[in-house]
Amino acid sequence: MSATDYFSKRRTIRNYTDRPIPESLLKSIVERAMRAPTCGNMQLYTIIATQDPEKKRMLTPAHFNQPAAVGANVILTICADYNRFSRWCRLSDARPGFDNFLSFLSATADAMIIAQQIATIAETEGLGTCYLGTVTYNAARISELLELPELVVPVACLSLGYPADEGEETERLPLEAVLHLEKYNNFSDEEIVALFKSKDDFPANTRYIAENNKETLAQVFTYIRYPKEMNETFSVEFLELLKRKGFLKDDPTGK
(Lines give C-alpha, C1' and ligand atoms only; values in the text may rest on other atoms or scores of the structure.)
Protein backbone atom coordinates (compact mmCIF):
# COMPACT_ATOMS: atom_id res chain seq x y z
CA MET A 1 0.00 0.00 0.00
CA SER A 2 1.33 3.43 -0.93
CA ALA A 3 1.72 6.16 1.67
CA THR A 4 -1.13 8.08 0.04
CA ASP A 5 -3.45 5.09 0.23
CA TYR A 6 -2.48 4.34 3.83
CA PHE A 7 -3.17 7.83 5.14
CA SER A 8 -6.34 8.36 3.14
CA LYS A 9 -7.84 4.97 4.00
CA ARG A 10 -6.62 4.19 7.53
CA ARG A 11 -9.16 3.15 10.14
CA THR A 12 -9.16 2.62 13.87
CA ILE A 13 -9.36 -1.07 14.78
CA ARG A 14 -11.21 -2.06 17.95
CA ASN A 15 -11.57 -5.83 17.43
CA TYR A 16 -8.55 -8.13 17.39
CA THR A 17 -7.73 -11.78 16.80
CA ASP A 18 -6.00 -13.97 19.39
CA ARG A 19 -2.78 -13.94 17.38
CA PRO A 20 0.02 -12.69 19.65
CA ILE A 21 2.31 -9.84 18.69
CA PRO A 22 5.93 -11.09 18.73
CA GLU A 23 8.05 -9.32 21.33
CA SER A 24 10.66 -8.64 18.66
CA LEU A 25 8.09 -6.81 16.54
CA LEU A 26 6.82 -4.75 19.47
CA LYS A 27 10.36 -3.70 20.38
CA SER A 28 11.16 -2.89 16.76
CA ILE A 29 8.06 -0.69 16.45
CA VAL A 30 8.89 1.29 19.58
CA GLU A 31 12.56 1.59 18.70
CA ARG A 32 11.75 3.01 15.27
CA ALA A 33 9.14 5.33 16.79
CA MET A 34 11.83 6.76 19.07
CA ARG A 35 13.21 8.62 16.05
CA ALA A 36 10.21 10.94 16.36
CA PRO A 37 10.92 14.61 17.17
CA THR A 38 11.13 15.48 20.84
CA CYS A 39 11.47 18.60 22.99
CA GLY A 40 15.18 19.49 23.18
CA ASN A 41 15.94 15.83 22.37
CA MET A 42 15.13 15.05 26.00
CA GLN A 43 12.72 12.18 25.14
CA LEU A 44 10.28 13.02 27.90
CA TYR A 45 8.20 9.87 27.67
CA THR A 46 8.00 6.33 28.98
CA ILE A 47 5.96 3.57 27.35
CA ILE A 48 4.59 0.74 29.48
CA ALA A 49 3.50 -2.38 27.61
CA THR A 50 0.83 -4.45 29.35
CA GLN A 51 0.55 -7.91 27.79
CA ASP A 52 0.24 -10.31 30.70
CA PRO A 53 -3.41 -11.48 30.85
CA GLU A 54 -3.76 -10.92 34.59
CA LYS A 55 -2.28 -7.44 34.44
CA LYS A 56 -4.53 -6.58 31.51
CA ARG A 57 -7.49 -7.84 33.54
CA MET A 58 -6.57 -5.38 36.28
CA LEU A 59 -6.00 -2.51 33.86
CA THR A 60 -9.02 -2.75 31.57
CA PRO A 61 -11.62 -1.55 34.14
CA ALA A 62 -9.75 1.78 34.13
CA HIS A 63 -10.65 1.88 30.42
CA PHE A 64 -14.31 1.07 31.17
CA ASN A 65 -13.77 -2.48 29.84
CA GLN A 66 -14.21 -1.25 26.29
CA PRO A 67 -13.67 -3.99 23.65
CA ALA A 68 -10.57 -2.31 22.24
CA ALA A 69 -8.91 -2.69 25.64
CA VAL A 70 -10.27 -6.09 26.68
CA GLY A 71 -9.46 -7.76 23.37
CA ALA A 72 -6.10 -6.11 22.76
CA ASN A 73 -2.97 -8.21 22.60
CA VAL A 74 -0.96 -5.33 24.02
CA ILE A 75 -2.00 -2.14 25.80
CA LEU A 76 0.60 0.61 25.59
CA THR A 77 0.37 3.37 28.19
CA ILE A 78 2.42 6.37 27.08
CA CYS A 79 3.47 8.61 29.93
CA ALA A 80 4.73 12.18 30.14
CA ASP A 81 7.96 11.55 32.07
CA TYR A 82 10.28 14.15 33.55
CA ASN A 83 11.37 11.79 36.34
CA ARG A 84 14.15 10.10 34.37
CA PHE A 85 15.56 13.34 32.98
CA SER A 86 15.41 15.14 36.35
CA ARG A 87 17.25 12.28 38.07
CA TRP A 88 19.95 12.37 35.39
CA CYS A 89 20.35 16.10 35.96
CA ARG A 90 20.82 15.67 39.70
CA LEU A 91 23.28 12.80 39.18
CA SER A 92 25.19 15.07 36.80
CA ASP A 93 25.54 17.91 39.34
CA ALA A 94 22.78 19.98 37.76
CA ARG A 95 19.63 21.33 39.40
CA PRO A 96 16.49 20.40 37.41
CA GLY A 97 13.64 22.89 37.26
CA PHE A 98 10.98 20.75 35.64
CA ASP A 99 8.43 20.39 38.44
CA ASN A 100 5.97 22.78 36.82
CA PHE A 101 3.06 22.87 34.41
CA LEU A 102 5.07 24.07 31.40
CA SER A 103 7.34 21.04 31.74
CA PHE A 104 4.29 18.79 31.92
CA LEU A 105 3.07 20.26 28.63
CA SER A 106 6.47 19.65 27.03
CA ALA A 107 6.50 16.04 28.21
CA THR A 108 2.90 15.56 27.09
CA ALA A 109 3.81 16.79 23.60
CA ASP A 110 6.69 14.28 23.45
CA ALA A 111 4.41 11.48 24.61
CA MET A 112 1.69 12.26 22.08
CA ILE A 113 4.15 12.53 19.20
CA ILE A 114 5.69 9.12 19.88
CA ALA A 115 2.25 7.62 20.47
CA GLN A 116 1.19 8.56 16.97
CA GLN A 117 4.52 7.42 15.56
CA ILE A 118 3.94 4.02 17.19
CA ALA A 119 0.42 3.84 15.77
CA THR A 120 1.60 4.61 12.25
CA ILE A 121 4.48 2.13 12.30
CA ALA A 122 2.34 -0.59 13.90
CA GLU A 123 -0.35 -0.18 11.23
CA THR A 124 2.19 -0.39 8.41
CA GLU A 125 3.30 -3.69 9.99
CA GLY A 126 -0.24 -5.08 9.64
CA LEU A 127 -1.41 -4.39 13.20
CA GLY A 128 -4.56 -2.55 14.22
CA THR A 129 -4.52 0.25 16.78
CA CYS A 130 -7.01 2.22 18.82
CA TYR A 131 -6.47 5.23 21.05
CA LEU A 132 -8.12 4.72 24.44
CA GLY A 133 -9.33 8.17 25.46
CA THR A 134 -10.15 6.90 28.92
CA VAL A 135 -6.51 7.19 29.96
CA THR A 136 -6.98 10.73 31.28
CA TYR A 137 -10.35 9.93 32.86
CA ASN A 138 -8.76 7.38 35.17
CA ALA A 139 -5.17 8.60 35.16
CA ALA A 140 -4.85 8.28 38.93
CA ARG A 141 -5.96 4.62 38.94
CA ILE A 142 -3.73 3.81 35.97
CA SER A 143 -0.84 5.56 37.68
CA GLU A 144 -1.39 3.41 40.77
CA LEU A 145 -1.62 0.15 38.82
CA LEU A 146 1.53 0.87 36.84
CA GLU A 147 3.40 2.21 39.90
CA LEU A 148 4.28 5.52 38.27
CA PRO A 149 6.63 7.70 40.35
CA GLU A 150 6.80 11.48 40.76
CA LEU A 151 6.83 13.52 37.54
CA VAL A 152 5.33 10.64 35.53
CA VAL A 153 1.73 10.90 34.32
CA PRO A 154 -0.17 8.73 31.78
CA VAL A 155 -1.42 10.87 28.90
CA ALA A 156 -2.06 8.48 25.99
CA CYS A 157 -2.96 4.83 25.55
CA LEU A 158 -2.91 2.57 22.51
CA SER A 159 -4.37 -0.89 22.13
CA LEU A 160 -2.59 -3.09 19.60
CA GLY A 161 -3.50 -6.37 17.96
CA TYR A 162 -3.96 -8.16 14.67
CA PRO A 163 -7.24 -6.91 13.13
CA ALA A 164 -10.32 -9.13 13.34
CA ASP A 165 -12.14 -6.84 10.89
CA GLU A 166 -11.54 -3.79 8.74
CA GLY A 167 -12.85 -1.32 11.30
CA GLU A 168 -15.61 1.20 10.74
CA GLU A 169 -15.47 3.99 8.19
CA THR A 170 -15.49 7.45 9.76
CA GLU A 171 -16.09 10.91 8.39
CA ARG A 172 -13.80 13.93 8.57
CA LEU A 173 -14.35 17.66 8.39
CA PRO A 174 -13.49 19.28 5.04
CA LEU A 175 -9.96 20.63 4.64
CA GLU A 176 -11.02 24.27 4.86
CA ALA A 177 -12.33 23.67 8.38
CA VAL A 178 -8.86 22.99 9.74
CA LEU A 179 -6.35 24.55 7.32
CA HIS A 180 -6.40 28.34 7.70
CA LEU A 181 -4.08 30.44 5.55
CA GLU A 182 -2.10 33.27 7.16
CA LYS A 183 -4.59 33.93 9.97
CA TYR A 184 -7.43 32.28 11.87
CA ASN A 185 -10.66 32.22 9.91
CA ASN A 186 -13.43 32.87 12.43
CA PHE A 187 -16.29 31.30 10.47
CA SER A 188 -19.79 32.68 10.36
CA ASP A 189 -22.62 30.65 11.90
CA GLU A 190 -23.74 29.58 8.43
CA GLU A 191 -20.22 28.43 7.55
CA ILE A 192 -19.93 26.41 10.77
CA VAL A 193 -23.17 24.60 9.97
CA ALA A 194 -21.97 23.89 6.46
CA LEU A 195 -18.58 22.60 7.65
CA PHE A 196 -20.23 20.12 10.01
CA LYS A 197 -22.86 18.96 7.53
CA SER A 198 -20.75 15.94 6.49
CA LYS A 199 -20.73 14.80 10.13
CA ASP A 200 -24.41 15.51 10.69
CA ASP A 201 -25.42 13.57 7.58
CA PHE A 202 -23.02 10.63 7.92
CA PRO A 203 -25.14 7.44 8.12
CA ALA A 204 -23.47 6.05 11.23
CA ASN A 205 -24.02 9.37 12.99
CA THR A 206 -27.68 9.58 12.07
CA ARG A 207 -28.14 6.11 13.57
CA TYR A 208 -26.24 7.23 16.66
CA ILE A 209 -28.59 10.18 17.06
CA ALA A 210 -31.66 7.93 16.84
CA GLU A 211 -30.22 5.33 19.24
CA ASN A 212 -29.65 8.00 21.86
CA ASN A 213 -33.04 9.67 21.35
CA LYS A 214 -31.51 13.01 20.47
CA GLU A 215 -32.28 15.53 17.78
CA THR A 216 -28.75 16.44 16.66
CA LEU A 217 -25.24 14.98 16.68
CA ALA A 218 -24.08 17.91 18.80
CA GLN A 219 -26.56 16.83 21.50
CA VAL A 220 -25.01 13.36 21.53
CA PHE A 221 -21.55 14.85 22.09
CA THR A 222 -22.63 17.31 24.77
CA TYR A 223 -25.25 15.30 26.67
CA ILE A 224 -24.20 11.66 26.18
CA ARG A 225 -20.54 11.26 25.27
CA TYR A 226 -18.86 14.24 26.95
CA PRO A 227 -21.30 15.95 29.31
CA LYS A 228 -20.19 19.04 31.20
CA GLU A 229 -20.47 17.39 34.60
CA MET A 230 -18.21 14.51 33.57
CA ASN A 231 -15.63 16.86 32.07
CA GLU A 232 -15.52 18.92 35.24
CA THR A 233 -15.23 15.88 37.51
CA PHE A 234 -12.35 14.34 35.58
CA SER A 235 -10.69 17.75 35.24
CA VAL A 236 -10.56 18.11 39.03
CA GLU A 237 -9.22 14.58 39.43
CA PHE A 238 -6.53 15.08 36.79
CA LEU A 239 -5.41 18.39 38.28
CA GLU A 240 -5.15 16.71 41.68
CA LEU A 241 -2.98 14.01 40.12
CA LEU A 242 -0.69 16.63 38.59
CA LYS A 243 -0.27 18.14 42.06
CA ARG A 244 0.57 14.77 43.60
CA LYS A 245 3.05 14.03 40.82
CA GLY A 246 4.81 17.36 41.33
CA PHE A 247 3.82 19.12 38.10
CA LEU A 248 1.39 21.60 39.62
CA LYS A 249 1.66 23.87 42.64
CA ASP A 250 -0.70 26.31 44.30
CA ASP A 251 2.04 28.89 43.71
CA PRO A 252 3.58 28.33 40.26
CA THR A 253 6.79 30.10 41.35
CA GLY A 254 7.33 27.44 44.02
CA LYS A 255 7.62 30.08 46.79
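Which residue's side chain does Asp 201 meet in a salt bridge? The partner is Lys 197, with an N to O distance of 2.7 Å. The structure discussed here is a predicted model. Asp 201 counts as partly exposed, at 43% relative accessibility, and Lys 197 is likewise partly exposed, with a relative accessible area of 49%.

**Salt bridges**

Across the whole structure, a search finds 11 salt bridges. Three of them are listed below, including the pair already described.

| Acidic residue | Basic residue | N to O distance |
|---|---|---|
| Asp 201 | Lys 197 | 2.7 Å |
| Glu 171 | Lys 199 | 2.7 Å |
| Asp 99 | Lys 249 | 3.2 Å |

The salt bridge between Lys 199 and Glu 171 links distant parts of the chain, 28 residues apart: Lys 199 belongs to helix H10 (residues 197-200), whereas Glu 171 lies in the loop between E4 and helix H8 (175-178). Both Lys 199 and Glu 171 are buried.

Asp 99 and Lys 249 also form a salt bridge, and this pair spans 150 residues. Asp 99 is located in the loop between helix H5 (83-91) and helix H6 (101-124), and Lys 249 in the segment after helix H13 (228-244). Asp 99 is partly exposed, at 37% relative accessible area; for Lys 249, also partly exposed, the value is 31%.

**Strand E4**

Strand E4 (residues 152-161) is largely enclosed by the rest of the structure, because 10 of its 10 residues are buried. E4 pairs in the antiparallel sense with strand E2 (residues 74-81) over 8 bridges; within this context, Val 74 has Leu 160 of E4 as its bridge partner. Strand E3 (residues 128-131) is also antiparallel to E4, with 4 bridges, and Cys 130 stands opposite Ser 159 in E4.

Definitions and conventions
Residues are numbered from 1 along each chain as its sequence is written. This is a predicted model: local features need pLDDT of at least 70, side-chain atom pairs count only at pLDDT 80 or more; totals for chains, interfaces and linings use all residues. Side-chain values use heavy atoms; hydrogens and water are left out. Buried means under 20% relative accessible area, exposed over 50%, partly exposed in between (1.4 Å probe, protein chains only). Helices (H or I, at least four residues) and strands (E, at least two) are DSSP runs, numbered from the N terminus. Two strands pair if DSSP finds at least two bridges between them. A salt bridge is a side-chain nitrogen of Lys or Arg within 4 Å of a carboxyl oxygen of Asp or Glu.
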